[in-house]
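Subject: The structure we talked about

Hi,

Here is the structure I promised you. Have a look around in it, then read on for what turned up.

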Amino acid sequence: QAYGYMRRYGIRGTLYIISDWMDTPDRPSSVQLREMQSAGWTIGNHTKSSNDLTAEASQAAQETQLANCRDALAAVGIDGARFYASYPMGKWNADTLTSMTNLGMRTGQTTVSCHGTESTPWRPIALPNPYKLNEIGATDINNTTSLATAKAYVDEAILSGTCVCLLF
């Protein structure tokens, strides 16, 4: 639904996919994902099954979760899953970072929000380790966020040359 709305305004986004859920009811189909990718969206890796990576028995098991998602999406023509990941439940550890390095991934994102309330206004932060985008955190955009506030997040990041991760 966000894709259709954002496309009207020329806005691109990133969608992290759980490969086991692709082509299932109420989830994006491989056809829809290829359409989004063709429109400039990044389709990233949210692992094969969305299991908590930190609960996996080994670093190799974490790597397998990421690699299996990458491979399933590549099989239907999606290439971003080899580069970009969002950690299930926002959790990661040193084994996750090793897995991502081994797989040649570029960035990792969490769902942990670190700012964006009236008492703690959002401030842009310089890009940290790309596997730890959670150091930036994600700014929650929900039904109580005004359009002016959302625009201000983006404008401030542009002006300061920093990064803002908006979590819808």
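First, a term you'll need: a salt bridge is a side-chain nitrogen of Lys or Arg within 4 Å of a carboxyl oxygen of Asp or Glu. Arg70 and Asp71 fit that, because their side chains come together with 2.8 Å from N to O. Keep in mind that this is a predicted model.

How exposed are those two? Partly exposed means between 20% and 50% relative accessible area. Arg70 has 23%, so it counts as partly exposed, and Asp71, with a relative accessible area of 40%, is partly exposed as well.

The structure has four salt bridges, and here are two others. Glu35 pairs with Arg7, with 3.1 Å between the closest N and O atoms. This pair links distant parts of the chain: Glu35 sits in helix α2 and Arg7 in helix α1 (residues 2-8), 28 residues apart. Glu35 is partly exposed because its relative accessibility is 37%, and Arg7 is partly exposed at 48%.

Then there is Lys48 with Asp20, where the closest N and O atoms are 2.9 Å apart. Lys48 belongs to the loop between β2 and α3, and Asp20 to the loop between β1 and α2, so the pair ties together parts that are 28 residues apart in sequence. Lys48 has a relative accessible area of 29%, which makes it partly exposed; Asp20 is partly exposed too, at 38%.

Now for helix α3, residues 59-75. What should the 17 residues of the helix span at 1.5 Å a residue? The expected figure is 24 Å, and the end C-alpha atoms of α3 are 24 Å apart, so the two agree.

Which residues of α3 are buried? They are Gln62, Glu63, Gln65, Leu66, Ala67, Cys69 and Leu73. The elements covering them include β1 (14-17), α2 (30-38), β2 (42-45), β3 (84-86) and α4 (94-102). After α3 comes Gly77, which has a positive phi, near 90°.

One last residue to click on is Ser86, in strand β3. Buried means under 20% relative accessible area, and Ser86 has 6%, so it counts as buried. What does Ser86 touch, leaving aside its neighbours within four places in sequence? It is in contact with Tyr16, Asn45, His46 and Gln109.

Cheers

Terms used
Residues numbered from 1 in each chain as written. Predicted model: local features only at pLDDT ≥ 70, side-chain atom pairs only at ≥ 80, totals over all residues. Heavy atoms only, no water. Helix = DSSP H or I, 4+ residues; strand = E, 2+ residues; numbered from the N terminus. Expected span 1.5 Å × (residues − 1). Buried < 20%, exposed > 50% of the residue type's maximum accessible area, 1.4 Å probe, protein only. Contact = heavy atoms within 4.5 Å.
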